[in-house]
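Me: I would like to learn how to read a structure like this one. Could we take a few features in turn?

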Amino acid sequence: MFLFRQSPPDKDGNDNSTLLAVRFKTTERTIYATPLSNYIASSYAEPPEAYRDDLRVLDELRETATAALDVNTSVLKRNTRYYGQLSFILSKFPADVNVNFTWYNAFDPECSVSCQDLYFEKAAVLFNVGSIYSQLACRENRSDKESLNRAFGYFQSAAGTYAYLQQKVVSETRTQVTTDLSAYMLTTLENLMLCQAQECVWHRSVLAHMKDANVARVAQQVAEFYDLAIESGSQGSLSGTIPAHWLDHFKVKRLYFCAEAQYRKALDCLANSHYGEEVARLRMAQDYCNQAMELVAYDQRWSKTLRAAVVDMVRSLQELVASNCSRAERDNDVIYLDPVPAASSLASIVSYKLAQAVAPELVQNPGKYLGEEELGPPLFKGLVPFVIHQAASLYEDRKEQLVNKDLIAALDELTADCEAVLSSLNLPNALEAIQKPVGLPPNILVGADEIRSEGGFLGIKRLLDNATDANARATSMIDVAEHALDEEAREDLRVRQGVPATSSARATRTESSDLTNSMRADIAKYRDIVRKARESDATICGQVDTWSKFFALLGSPREELERQVPSTTVNPITDPHHTQIVERLQQYLNEVTLMRRERLKAVEKLKRMANEDDVTPALNEEMQRLAAVAASATSIVKFELHQFEDLFAQRLERYGSWHKYIEEEREAQAELLDSIREANQAFLLARSSHPLLQQRQKALSNLETAIKRFREASFNLHDGTRFYATLESELARLKENCLDFAMARHLDALDLVGVGHGEIPDDLSKTPPGSSPLQQQQQQPNLVWDPTMPLKYAKPN
């Protein structure tokens, strides 16, 4: 295991100290270079070689930060540098990048968490930054003002670090963390650091010989901080995490500073001639000292975890208070005779809070120090942040939704509606029947050529016959398989009836029904499949029969097809009014053609606009703008997708004009279709007086329908050919399995009734196609045993 620090596993600082230091979290060795190189190559499409130095430096930062060294300011700098670079790296890579981190619980080395989460790594490193501050503070001798000031600053930094860790960092982790990073534990550590920072103020106040009233107020605040530490440290979830002796330490120190506050207030009362109150407060101080010593006595009897320095501190104060209390009571009883107030009537000591949780500036705003001596140059500075790739992908999704599913889909729907209306009016076919009184429309000619290439009616009939034959073969194979099983079952019954029930051979022979369940289930399944296929073939056959005359006509030569369709050699509508009606309808149809052509051009223009819409440069500009704002605020910007929403809205607004274009197209199409309906009504009235044109139009309509039916039948029959080929292969395996099974059971039956294998003709093993083994045996005249005859048993010897 690659340890953060080499500290005794059961100690929390110097045994001679009355203060507690926080242990370090430990970790396993982790290498960034390989997984990050692979991630850069696969996700960012950039050459990882360009970041070889950054990867090397990052690995060195982690290794030096987690090396097992002594605690000093150099170690603090290495950890804060690694923490600061991690903060910047998280703006470049996703938190779940493929690097695995393992960290152990600082207070339970057997408990660990392994995960791929850069935020967890950042939280663990920041925890150790707080631990370094706590250990640096505890290493100060606190015997002079300068040492106390340094310890006070370290404890405040530790408290601020733990507070920032809880409020800002742990909440970002994507996995379950170790319990030393829980909210209750971090709050307890913050309160402990505040206790000890305020305790440094108390030491400094005593050394500076401040007024006793002020020293009492400082001591009272220490006691109140320990109250908070006891409250947060007593949470049930911390029972297996917080060191057991810490709570006893908190309770003893709280009682000690309650006593110290009352003692100092009593000295202030003496100086101000409040002799009765002096006695009352000394008695209160004595009571607090007695409670503390009870805890000490209990600890010394059982756990012996309280430090000797803490015990000595409490004992010294107890002796001092007892001595002063005796003096004060004697003087007051003999000299001053001042009434001693009840403890409950004494005014509370107003605390004086100087310790605060102050997170170091480098912890809160590491971006301010990137490029400076504290953190060094930022790693992966040229790498485009991962969130930019996410933002580009998100914008592409929204653009595709807008362009393809909103705009283009709306235009396609308009075109489909237009085609549906024209089809319901039989346009332009009805108009072509008049404008082209001879010959056939191109769609009819293309369809007829396709039918001729497939053999016409005879070709489709051949496919139908093939399907019928394939269905018959499939049915036959199923029949053969079932017949073999049926024959085997009958033979098995005869064997059981002929062999005595007490026979051991009969007892070991499995009944036929128990062995053939799965095969009979397969037979039933395939019978149902073949039946449904036969019904489908019958449906197609009926369709082919219905349209057989048209199939035959479409398969004939083009000249014959044209001769069968009614036609005229002159335009039947000679009336000028009727001609005007036809021309007006044709003009509207030309407008429809033009509208479709222009609409297709518009769609192509929209697609080209969307393809050329590359949001990446704009995202990079926005990122630089956000980074500049963050730089002015001396912080590392944490890029989030929501920061680019305004940019997305601004760029997608470019497509707003297309919504207006679609509405204009919808209105223009509706107006044009209304005109076509009106003109078509007039055209129908003009055409109704010419029966030959009606016959031609009906004939062309029937041919179009026949072409559709032929294509449907051809597709279904070719699909059926592939279906039957697969089905016959499966049925062949099923038939062979059934025949093999029947043969094996037949031989077993022969053994059971005492017929030797040598008496079976050689050709018995050759099963004729479509017959069962039992049928084949019945065809052999030289068999010793005929299954159709009663069984005969040999006489016992």
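Me: By class, how many residues in the lining of the largest pocket are nonpolar, polar and charged?

Reply: A note before the count: this is a predicted model. The lining of the largest pocket has seven nonpolar, eleven polar and seven charged residues.

Me: Which residues lie nearest the centre of the largest pocket?

Reply: Of the 25 lining residues, those nearest the centre are Leu427, Pro428, Asn429, Asn443 and Glu704. The space in this pocket is about 580 Å³.

Me: Which helices each supply at least two residues of that lining?

Reply: They are α12, α13 (429-435), α14 (442-453), α21 (576-611) and α25 (691-753).

Me: A cavity is another feature to read. How many cavities of 30 Å³ or more does the structure hold?

Reply: There are two of them. The largest cavity has about 30 Å³ of space. Its lining consists of Asn426, Asn429, Gln697, Leu700, Ser701 and Glu704. Asn429 and Glu704 also appear among the residues nearest the centre of the largest pocket.

Me: Which helix gives the largest share of the lining of the largest cavity, and how do the residues divide by class?

Reply: Helix α25 gives the largest share, with four residues. By class, the lining has one nonpolar, four polar and one charged residue.

Me: Now the helices. Why do the buried residues of α23 line one face of the helix?

Reply: The general idea comes first. An α-helix has 3.6 residues a turn, so residues three or four places apart point the same way. In α23 (residues 645-652), the buried residues are Leu647, Phe648, Arg651 and Leu652. Seen down the axis of α23, these buried residues fall within an arc of 125°, so they line one face.

Me: Which exposed residues does the face of α23 turned away from the buried side carry?

Reply: That face carries Asp646 and Gln650, both exposed.

Me: What span should helix α1 have, and how far apart are its end C-alpha atoms?

Reply: Helix α1 covers residues 33-44, which is twelve residues. At 1.5 Å a residue, α1 should span 16 Å, and its end C-alpha atoms are 15 Å apart, which agrees.

Me: Which residues of α1 are buried, and what covers them?

Reply: Pro35, Leu36, Ser37, Tyr39, Ile40 and Tyr44 are buried in α1. The elements covering them include α2 (52-65) and α12 (386-424).

Me: What phi does alanine 45 take, just after α1?

Reply: Alanine 45 takes a positive phi, of about 55°.

Note on methods. Residues are numbered from 1 along each chain as its sequence is written. This is a predicted model: local features need pLDDT of at least 70, side-chain atom pairs count only at pLDDT 80 or more; totals for chains, interfaces and linings use all residues. Side-chain values use heavy atoms; hydrogens and water are left out. The expected span of a helix is 1.5 Å times one less than its number of residues. Buried means under 20% relative accessible area, exposed over 50%, partly exposed in between (1.4 Å probe, protein chains only). Contact means heavy atoms within 4.5 Å. On a 1 Å grid over the protein atoms alone, a cavity is a set of points where a 1.4 Å probe fits but cannot get out, and a pocket is an open set with protein on both sides within 12 Å along at least five of seven lines; lining residues have an atom within 4 Å of a point. Grid points are joined across faces, edges and corners, and a volume is the space filled by probe spheres set on the points. Ala, Val, Leu, Ile, Met, Phe, Trp, Tyr, Cys and Pro count as nonpolar, Asp, Glu, Lys and Arg as charged, and the others, Gly among them, as polar. The arc is that of the directions from the helix axis to the C-beta atoms.
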